[in-house]
Amino acid sequence: MRAIIQRVSEASVIIKEQKVADIQQGLLVLLGIEIKDTKEDALWLANKISALRIFADKEGVMNKSITEIDGEIIVVSQFTLHAKTKKGNRPSYIKAARPKQAIPLYERFKEDLSIAICKEVKSGEFAADMKVSLTNDGPVTLIIDSRNRDL
């Protein structure tokens, strides 16, 4: 699983001109699921994200996690995170998991993350055409991949 994590002061998701999710201070997580991903990847990534110390403490140092600031999270599925662009100009998505595999892992990840932060995780809709808005706070943006846990 590959995640782009953005610290936000606000974020929202709109589908067909209807707002389906919005948060104030917290994280927007763009999540890409690949063929090799498992429920263990979902759990590892959820725990990693919930423990990231990327929010400021009283001294302005990034020392607090999402749970310590009582922040919120929106998760948005994004298969394009697994695009291969080495050859030609049209990205290949051959490594991205198909819906039959990806949807249960997407739901599992959201559930694991909700448990980790002791709060409901909001989300877009899998495979929908979404309009995602955010105000990146910092800006702080991280990339984490469960296939490369050294990052």
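Methionine 62 is found in strand E5, which covers residues 62-64, and it makes a handy place to start our walk through this predicted model. How exposed is methionine 62? With a relative accessible area of 43%, methionine 62 is partly exposed, because that value falls between the 20% limit for buried and the 50% limit for exposed. Setting aside neighbours within four places in sequence, methionine 62 is in contact with Arg7, Arg53, Ile54, Phe55, Ala56 and Val140. Leucine 52 gives you a sense of the spacing here: methionine 62 and leucine 52 are 10 residues apart in sequence, and their C-alpha atoms are 9.4 Å apart in space.

Next, let us turn to the helices. H1 runs over residues 39-51, and H2 spans residues 99-117. The two pack at an angle of about 35°, and their axes are 8 Å apart. If you look at how H1 and H2 cross, the crossing is right-handed. On the H1 side, the residues that meet H2 are Lys39, Ala42, Leu43, Leu45, Ala46, Asn47, Ile49 and Ser50. Their counterparts in H2 are Leu105, Arg108, Phe109, Asp112, Leu113, Ala116 and Ile117. Sorted by character, the residues of this contact divide into 10 nonpolar, two polar and three charged.

Just ahead of H1 in the chain sits glutamate 34, in the loop between E3 and H1. Is this glutamate 34 buried or exposed? Its relative accessible area is 6%, which is under 20%, so glutamate 34 counts as buried. Leaving out residues up to four places away in sequence, glutamate 34 touches His82, Lys95, Ala96, Ala97, Gln101 and Arg147.

Strand E3 also takes us to the largest pocket, which has a volume of about 380 Å³. Of the 22 residues that line this pocket, the closest to its centre are Ser77, Gln78, Phe79, Ala127 and Met130. Four elements give two or more residues to the lining: strand E3 (26-32), strand E6 (72-77), helix H2 (99-117) and strand E8 (130-145). Which of them gives the most? That is E3, with four residues. The lining of the largest pocket is made up of 16 nonpolar, four polar and two charged residues.

One of those central lining residues, Ala127, is worth a second look for its backbone. Alanine 127 is found in the loop between strand E7 (122-123) and E8, and it has a positive phi of about 70° although it is not a glycine. Most residues other than glycine have a negative phi, and most peptide bonds are trans. Alanine 127 is exposed, because its relative accessible area of 68% is over 50%.

Lysine 16 is another residue with a positive phi, about 50°, although it is not a glycine. You will find lysine 16 in the loop between strand E1 (2-15) and strand E2 (18-23). Its relative accessible area is 80%, so lysine 16 is exposed as well.

Our last stop is strand E8, where proline 139 lies. Is the peptide bond from glycine 138 to proline 139 cis or trans? The bond is cis, with omega near -5°.

How values were computed. Residues numbered from 1 in each chain as written. Predicted model: local features only at pLDDT ≥ 70, side-chain atom pairs only at ≥ 80, totals over all residues. Heavy atoms only, no water. 1 Å grid on protein atoms, 1.4 Å probe; cavity = no way out; pocket = protein on both sides within 12 Å on 5 of 7 lines; lining within 4 Å. Points joined across faces, edges and corners; volume = space filled by probe spheres on them. Nonpolar A, V, L, I, M, F, W, Y, C, P; charged D, E, K, R; others polar. Buried < 20%, exposed > 50% of the residue type's maximum accessible area, 1.4 Å probe, protein only. Contact = heavy atoms within 4.5 Å. Axes fitted to C-alpha atoms, helices over the stretch in contact; angles between N-to-C directions. Left-handed = near helix turned anticlockwise from the far one by under 90°.
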